[in-house]
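Work through the exercises below with the structure open. Try each task before reading its solution.

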Amino acid sequence: MAKAKVQYTCTECGHTVAKWVGRCPSCGAWSTMEEGAVTRAAGSGPAANIGLTLPTTRAVPITKIDPHSTRALPVGIGELDRVLGGGIVPGSVILLAGEPGVGKSTLLLEVVHRWATTGRGKSLYVTGEESAGQVRLRAERTGALDDRLYLAAESDLGTVLGHVEQISPTLMVVDSVQTLSASGVDGVHGGVTQVRAITATLTSLAKASGIAVILVGHVTKDGAVAGPRSLEHLVDVVLSFEGDKHSTLRMVRGIKNRFGASDEVGCFEQRESGIVEVTDPSGLFLHHRDQAAAGTAVTVGLDGKRPMLGELQALVTPTPLPAPRRAVSGLDGARVAMILAVLARHGGIENLPQKDVYAATVGGMKITEPGADLALALAVASAAVEKALRPNTVVLGEVGLAGEVRRVTGLERRLAEAARLGFTHAIVPPSPDGQKLKVDGIHIGEAATVGDALRLGSLTEGKRGR
């Protein structure tokens with residue numbers, strides 16, 4: 001006879017334990033363990049009730065597998081194809097996660113429209129969050145109307161599978177996976193058990209029929225993909241759609257990709273006419289002016305494999321308060337505080353701890369990598385001595401607590417991007433092998449310490465801040 005046992009499953013990560021605990025031992029969440037029953041057959045071992053099953057298809061040598069069966073088909077949106085590794089692979093399952101209102105539905109509506117109009121076959125857009133009329137209005141606004149694009153407002157998984165049987169699409173978008181429900185599956189609507197079962201069913205459908213499936217997922221307050229962690233393991237590609245509500249810039253970042261690199265980034269811009277790809281985003285993060293201004297420095301960030309120029313600005317002012325203010329926007333506050341301490345100790349910037357310091361990026365760009373340390377240091381020093389850096393100068397390097405400047409990854413690629421955009425001078429760390437770095441069109445100055453960088457930027461002389 002089968003013995004019924006009770007187990008407890010975490011609603012956040014799906015971890016299972018035999019006894020109830022207040023805190024999940026896997027993800028650390030509190031009060032997330034739900035009781036469930038599991039039936040196991042009695043026997044001498046764990047495989048006592050497993051019988052022999054003849055496979056439906058024979059195993060073949062790996063050399064006999066057709067490599068063209070997983071060839072990516074371009075969507076027609078260059079930035080998205082870049083992140084996907086060339087396009088969408090038939091039979092693949094893609095998970096796109098992002099905050100509400102960032103533009104996921106608008107982007108995917110353009111994807112199914114491009115897919116249908118380029119002769120890839122019919123495309124099906126399933127929405128569980130909006131009515132069919134709302135999606136039609138958005139399609140009219142963005143110009144995504146076509147007879148080969150089918151729309152279904154459904155929230156039942158069985159009905160969605162019926163639509164697939166009738167239409168036979170080659171691409172299906174489900175917006176979103178948390179809004180679907182599967183009859184016969186335990187768990188609350190949108191819960192861990194339901195989402196896992198729905199994703200597993202759609203994955204099996206994609207692999208068996210060759211239909212590419214794109215799932216829209218929600219994110220938590222921390223920006224992680226909502227639902228069990230096993231959801232990310234079931235799909236082939238995981239993309240994160242990021243954007244600031246105060247900026248029109250949107251970034252599609254690859255987190256997992258079984259068909260290509262997982263560190264690619266695609267840039268888009270949110271407009272009234274829809275989501276528009278930005279093939280050269282460096283110009284969005286630079287403030288173009290006729291003359292150089294004090295308190296600014298340009299660096300080149302490396303987001304995945306993509307170099308993007310960004311401008312850092314700093315303002316240093318006297319304060320009557322006993323505790324000077326430190327305001328940061330688009331930067332890591334802890335690294336800004338560290339750079340200020342290094343400048344005061346090793347850079348010779350007078351009275352910096354007694355002044356208000358404001359540091360920010362231009363255009364809503366977020367820079368958290370250490371490669372922008374030296375640019376931030378020169379921007380603050382430039383504001384403190386009220387003297388601008390040489391025009392068309394880019395600054396790269398990581399700053400240590402001892403005042404040393406360390407080399408950053410992808411330095412040649414960063415400098416090549418700066419030279420392409422017209423920068424003629426660069427301040428970088430010295431090469432570890434002693435050979436001077438050379439890039440066509442740009443004069444490179446090497447700085448081993450923060451003091452050397454200040455001298456190369458002509459910031460050791462000039463008017464001191466009052």
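**Exercise 1.** Which residues does Leu343 touch, not counting residues up to four places away in sequence?

*Solution.* The model is predicted. Start at Leu343 and skip residues up to four places away in sequence. The contacts left are Gly348, Ile349, Leu352, Ala377, Val380, Ala381 and Val450.

**Exercise 2.** Place Leu343 in the largest nonpolar core, and find where that core lies.

*Solution.* Step one: the core has 46 residues. Leu343, Leu352, Leu376, Leu378 and Val380 touch the most other members. Step two: list the suppliers. Strands 10 (249-257), 11 (265-271), 14 (306-318) and 16 (355-361) each supply at least two residues, as do helices 7 (333-346), 8 (373-385) and 10 (450-456). Helix 8 gives the largest share, 11 residues. Step three: check the domains. Domain 2 (68-279) and domain 3 (284-457) both contribute, so the core lies between them. Another core, of 32 residues, lies apart from it; Leu80, Leu149, Ile214 and Leu239 are among its members.

**Exercise 3.** Is Val450 buried or exposed? Describe its surroundings.

*Solution.* Locate Val450 in helix 10. Its relative accessible area is 1%. Buried means under 20%, so Val450 is buried. Next, take its contacts beyond four places in sequence: Val342, Leu343, Val399, Gly403 and Val405. Finally, compare with Gly85: Val450 and Gly85 are 365 residues apart in sequence, and their C-alpha atoms are 40 Å apart in space.

**Exercise 4.** Which residues does the UniProt annotation "domain: RecA family profile" cover?

*Solution.* The unreviewed UniProt entry gives residues 69-219. The span is 40% helix and 18% strand. Its end C-alpha atoms lie 32 Å apart.

Conventions. Residues numbered from 1 in each chain as written. Predicted model: local features only at pLDDT ≥ 70, side-chain atom pairs only at ≥ 80, totals over all residues. Heavy atoms only, no water. UniProt positions renumbered as here; feature names shortened; annotations may be inferred. Helix = DSSP H or I, 4+ residues; strand = E, 2+ residues; numbered from the N terminus. Core = buried A, V, L, I, M, F, W, Y, C linked by side-chain atoms within 4.5 Å. Buried < 20%, exposed > 50% of the residue type's maximum accessible area, 1.4 Å probe, protein only. Domains from an automatic or database assignment. Contact = heavy atoms within 4.5 Å.
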